[in-house]
Structures are given as structure tokens and as C-alpha cells.
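Hello,

Here is the structure I said I would pass on. Please open it next to this email, and then read the notes that follow.

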Amino acid sequence: MDIKQLTAFVTVAELGSVTRAADSLHSTQSSVTRQIQALEQELGVMLFERNRHGMTLTGAGQVMAERSRSALLELGRARAEITPMPAATGTVTVGLLESIAETIGLPLATTVLHEYPGLDLRVVVGDSGHLQRRMDAGELDVCLTAERPGITTLSPTPLATEQLWAIAPADALLRADAPVALREVAEHPMVLPPVGSALRNLLDSMDVRFRVVVTASLRIQKQLVAGGRGWAVLPPIAFAEELEAHSISAAPLHGPQLRRRIVLTIAPTAPRTPAAEDVARLLARLVRSEIRDGRWPSARLIGYRGDDSRLCR
């Protein structure tokens with residue numbers, strides 16, 4: 001076995017997908033698959049169970065993953081001690097919008113560990129208003145969030161748009177193939193995000209009066225909806241697990257169809273650090289791969305032509 005095999009194995013184990021691992025390693029799916037198969041053949045055991053949901057470690061795979069992580073960590077430490085540090089060093093603090101943190105956070109951390117071992121990555125999760133305040137205070141280097149119209153202190157780069165849906169208790173029987181009007185949604189008790197967040201600003205700008213019963217974080221919104229306490233408006237990426245578990249029902253909105261814009265912002269510090277620029281490019285790449293590979297089905301890319309240099313201007 002060699003380092004490439006162990007790296008491919010650990011990356012697939014962490015991300016649960018050959019596709020995600022290949023993107024994280026800047027490799028091809030076939031190359032990652034060959035590395036895994038060669039390692040399994042050498043060891044004489046199956047390390048993964050393959051199914052339509054992805055790659056799941058077997059019992060032998062769990063043991064091998066734990067030992068492999070330790071081995072790669074020690075090799076990384078040895079390399080850091082005897083070779084010059086890479087350009088991307090220091091600390092980069094990233095702000096991630098609460099509703100997309102679970103989708104982007106793990107691939108971001110995994111890729112940084114592999115590509116920038118000298119980088120101290122710190123992640124802050126919150127709604128767009130919270131992230132904006134942290135950015136304005138100089139506490140964030142890079143931020144992936146939803147656009148807040150009227151905010152002009154920074155110059156964000158639009159990456160994608162995302163459709164918003166109504167979510168309701170399971171017994172409301174909302175369906176993906178039966179869009180619901182925003183005015184109909186507003187007739188129910190509403191559980192909404194905090195005032196000042198991008199989503200709340202968008203909803204408040206509509207010519208609709210909502211009966212707000214609770215203002216809460218994303219996690220509490222979903223719990224209240226599942227418990228029959230009200231309805232909410234959220235992007236599908238935020239409630240996929242609850243929908244699959246049938247604890248809620250959901251339908252796309254129409255009249256109007258609502259969409260939010262996902263934007264990337266680098267703090268306007270001078271000089272801008274190479275590490276922050278590298279992480280910004282990485283985030284943009286991850287957003288594109290999640291959308292292109294179908295893991296973010298409600299989002300659409302905005303005008304990408306393959307050049308990330310504009311992120312660093």
C-alpha cells in the first residue's frame with residue numbers, strides 16, 4: 001500500500017462518495033476507484049459496502065480508516081517538520097450560512113486538511129445577518145452566505161441562486177409536484193428566521209402579511225414545524241433529512257416563485273492574504289461541484305466561466 005491509496009481511502013471514508021472524494025483530491029472517479037480496489041486486493045478484505053446511497057465502511061474498513069488517518073497525520077507532521085511550509089499558512093476564519101453549512105462544511109474541512117496542512121481553518125455558522133455583523137467587525141476572512149439587498153459595505157461575488165419552498169407539518173400533505181401560493185402559506189402560523197437575515201428581509205419585502213408566531217434559528221424552525229407549531233419558508237437543502245424522514249411536508253412556492261442568491265465575500269483587508277484567497281477559490285469550487293453533481297438540486301449556478309481570479313480582485 002502507498003500514500004495515494006491511503007489518502008483516497010480516507011477521503012472516500014470521510015465524504016462517503018467516490019465523486020466527492022475525486023473532486024476533493026482533484027482526481028478522477030476512476031482513479032480513486034482503482035486506488036480503493038488495489039488497497040482492498042492487497043489487504044484481502046472489503047473496506048466499503050457499495051450502495052445507491054454511497055460508500056459505507058465495513059467493520060474492517062472502520063479499523064483501517066482509524067489507523068490510516070493516524071498514519072497520514074504523522075506523515076503530514078513529519079513533512080511539515082522537514083520541508084518549508086506551503087504558501088497557505090496562518091489562520092482563515094470562514095463564515096458559512098446555517099442552511100448550507102452541512103453540505104459545504106465537511107468537504108471544505110476535508111479538502112483544507114489535504115491541500116493546506118499548514119492552515120488553521122476556523123468555521124463560524126449563522127444566519128446572514130449574524131455573518132454580516134461578524135464580517136463588518138473584521139472577524140471573518142471569507143464568507144459564503146445569502147445576499148442581503150441594500151448592503152453595500154462589501155462587494156460579494158454571486159455564485160448561485162436557490163429556490164425557496166414552503167414547509168409544513170407532515171399532515172398538511174404538501175407535495176413537490178403541487179406548488180403552493182405564498183398567500184396561502186401566509187394564512188398559517190409562521191415560524192420565521194430572525195429579523196435582519198437575508199431570508200427574513202426577502203419575506204418582509206413581499207406584499208403579504210405573515211402571522212409570525214415564533215422567530216428562531218433554522219434548527220428550531222424545523223423542529224417547530226415538525227411538531228405542528230407552524231409553517232416556514234426555507235430552501236430545500238436545509239430540510240432534506242426531515243423530508244426524507246416524513247417528519248414534514250414541503251412544496252415549491254409560486255405566485256411569486258421566490259429565490260435567494262448565494263454569494264461569496266472576501267474581507268476587504270489590505271494586503272489580502274494568499275490563504276484567504278485560496279480558501280475563497282476552494283469554496284467557489286465546492287459550490288459548483290455540489291450543484292453540478294446533483295447534491296444541491298434546488299440551486300442554479302450564476303455565470304461561471306471557469307475563472308476564479310475575479311474572486312481575488
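**The cores and some single residues**

Leaving aside neighbours within four places in sequence, Leu144 is in contact with Gly95, Leu96, Leu97, Ile100, Ile104, Leu131, Leu159, Ile262, Val263, Leu264, Leu283 and Val287. Please keep in mind that this is a predicted model.

Leu144 also appears in the account of the largest nonpolar core, which has 33 residues. Leu144, Leu283 and Trp296 are the residues with the most contacts inside that core. At least two residues of this core come from each of strand 3, helix 5, strand 5 (142–146), strand 6 (157–163), strand 13 (259–266) and helix 11 (274–292). Which element gives the largest share of this core? Helix 11 does, with 10 residues. Another core lies apart from this one; it has 29 residues, including Val185, Leu203, Val208 and Val233.

Next is Ser99. You will find Ser99 in the loop between strand 3 (90–97) and helix 5 (101–115). Is Ser99 buried or exposed? Its relative accessibility is 11%, and buried means under 20%, so Ser99 counts as buried. The side chain of Ser99 makes a polar contact of 2.8 Å with the side chain of Arg260. Arg260 is also one of the residues in contact with Ser99 once neighbours within four places in sequence are left aside; the others are Leu218, Pro235, Ile237 and Ala238.

Two residues have a backbone angle to look at. Most residues other than glycine have a negative phi. Leu173 is not a glycine, yet its phi is positive, at about 60 degrees. Leu173 sits in the loop between strand 7 (165–169) and strand 8 (180–181). With a relative accessible area of 64%, Leu173 is exposed. His246 is not a glycine either, and it has a positive phi of about 60 degrees. The loop that holds His246 runs between helix 10 (240–244) and strand 12 (248–254). His246 has a relative accessible area of 64% and is exposed.

Last comes the surface. Which residues make a nonpolar surface patch of about 230 Å²? They are Met1, Leu43 and Val45. Of these, Met1 belongs to the segment before helix 1 (3–15). Met1 has a relative accessible area of 47%, and partly exposed covers what lies between under 20% and over 50%, so Met1 is partly exposed.

Regards

Definitions and conventions: Residues are numbered from 1 along each chain as its sequence is written. This is a predicted model: local features need pLDDT of at least 70, side-chain atom pairs count only at pLDDT 80 or more; totals for chains, interfaces and linings use all residues. Side-chain values use heavy atoms; hydrogens and water are left out. Patches are made of residues with over 30% relative accessible area and no salt bridge: like charges are joined within 9 Å, nonpolar side chains (Val, Leu, Ile, Met, Phe, Trp, Tyr) within 5 Å. Accessible areas come from the Shrake-Rupley method with a 1.4 Å probe; for residues, only the protein chains shown count as cover. A salt bridge is a side-chain nitrogen of Lys or Arg within 4 Å of a carboxyl oxygen of Asp or Glu. Helices (H or I, at least four residues) and strands (E, at least two) are DSSP runs, numbered from the N terminus. Buried means under 20% relative accessible area, exposed over 50%, partly exposed in between (1.4 Å probe, protein chains only). A polar contact is a pair of N or O atoms within 3.5 Å; within protein, one must be able to donate a hydrogen and the other to accept it, and residues adjacent in sequence count only if both atoms are side-chain atoms. Contact means heavy atoms within 4.5 Å. A nonpolar core is a set of buried Ala, Val, Leu, Ile, Met, Phe, Trp, Tyr and Cys residues joined through side-chain atoms within 4.5 Å.
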